[in-house]
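Please look over the sequence and the 3D structure shown here before reading on. The paragraphs below then lead through the chain step by step.

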Amino acid sequence: RARLRPAVERAVADPACASYTGEYRVRHADGRWIWLSDRQRFVRDAAGRVTRVVGGVADVTARYASAAEERRARARTEALQALTAAFAAAQARHEVTRVVVERVIPAAGGTAGALVLAADDGMLEIAGDAGYPAGLLDPLRRFAPDAPLPAAEVARTGTALWLGPFAEAAGRWPGLTAFRGDAADGHAADGRRFGASALVPLLSD
């Protein structure tokens, strides 16, 4: 609000200026930040001096929130279009892997992620990963489609899975016990903690 003072003073000092409108953010009594629109009309005497100010202040927080959501939606749409184009351009297996690891995982806000693909011999294997502690995925680089693992279940059913904390998930999929120990301390490579995971099939029948 203090930044608007020079603009208000200039408007008052200009005899040709009949009104002023400005918007600023203030903290509400309940702790929220809100946006206010300040509209003022100047009543001047014959010499151009302001003798009276008529106007009011309106809460326009909802308009700012709507505009912010529109920007986020536009950004999501643009990101999706870019990913779609990247997938369309990817022909070889390593190109698809690079798109998923370098673009899909960060775009989804993931802390870490991996791409599991079917090998020529029918086994499933981790084709690429990012964000995991070194060595975390080594025990399960290759596994059978009927393995007691969530990735194997997604591959068999074509249905996405949402996993909770490690201990809870290991109770349902015993194959995850291979991660026990220091490598499964629940932290990403950059130190951030991850306590939930999503497994989503790229293609399903």
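What follows moves from the overall make-up of the chain to one helix, then to charged pairs, and finally to two buried residues.

This is a predicted model, in which local features need pLDDT of at least 70 and side-chain atom pairs count only at pLDDT 80 or more, while totals for chains, interfaces and linings use all residues. Residues are numbered from 1 along each chain as its sequence is written, and side-chain values use heavy atoms, with hydrogens and water left out.

The secondary structure of the chain comes to 5 helices and 8 strands, where helices (H or I, at least four residues) and strands (E, at least two) are DSSP runs numbered from the N terminus. Followed along the sequence, these elements give the pattern α-β-β-β-α-α-β-β-β-α-β-α-β. Of the 205 residues of the chain, 27% count as buried, a word that here means under 20% relative accessible area, with exposed meaning over 50% and partly exposed lying in between (1.4 Å probe, protein chains only). The chain exposes about 13,300 Å², and carbon and sulfur atoms supply 54% of this area, as computed by the Shrake-Rupley method with a 1.4 Å probe, where for residues only the protein chains shown count as cover. Among contacts (heavy atoms within 4.5 Å) between residues at least 6 apart in sequence, 35% join residues at least 24 apart.

Helix H2 is a good place to continue. With its 29 residues (61-89), H2 should span 42 Å at 1.5 Å a residue, and its end C-alpha atoms are indeed 42 Å apart, which agrees; the expected span is 1.5 Å times one less than the number of residues. In H2, Ala68, Leu83 and Ala86 are buried, and the buried residues of this helix pack against helix H3 (93-107).

The charged side chains come next. Side chains of opposite charge can pair when their charged atoms come close. A salt bridge is a side-chain nitrogen of Lys or Arg within 4 Å of a carboxyl oxygen of Asp or Glu, and by this rule the count comes to 9 salt bridges. In one of them, glutamate 69 meets arginine 72 at 3.0 Å, N to O; the two residues are 3 apart in helix H2, and are therefore separated by about one helical turn. Glutamate 69 is partly exposed at 35% relative accessibility, and arginine 72 is partly exposed at 43%. Salt bridges that share partners also join Asp121, Glu125 and Arg142 into one network. Elsewhere, arginine 32 pairs with aspartate 30, their closest N and O atoms being 2.8 Å apart, and arginine 49 pairs with aspartate 45, with the closest N and O atoms 3.3 Å apart. At 54% relative accessibility arginine 49 counts as exposed, whereas aspartate 45 is partly exposed at 28%.

Is glutamate 153, which lies in helix H4 (residues 150-157), buried or exposed? Glutamate 153 is buried, with a relative accessible area of 18%, and, leaving aside neighbours within four places in sequence, it is in contact with Gly158, Leu161, Arg172 and Trp173. Alanine 170, found in helix H5 (residues 166-172), is likewise buried, with a relative accessible area of 7%. The C-alpha atom of alanine 170 is separated by 9.6 Å from that of proline 148, a residue 22 places away along the chain.
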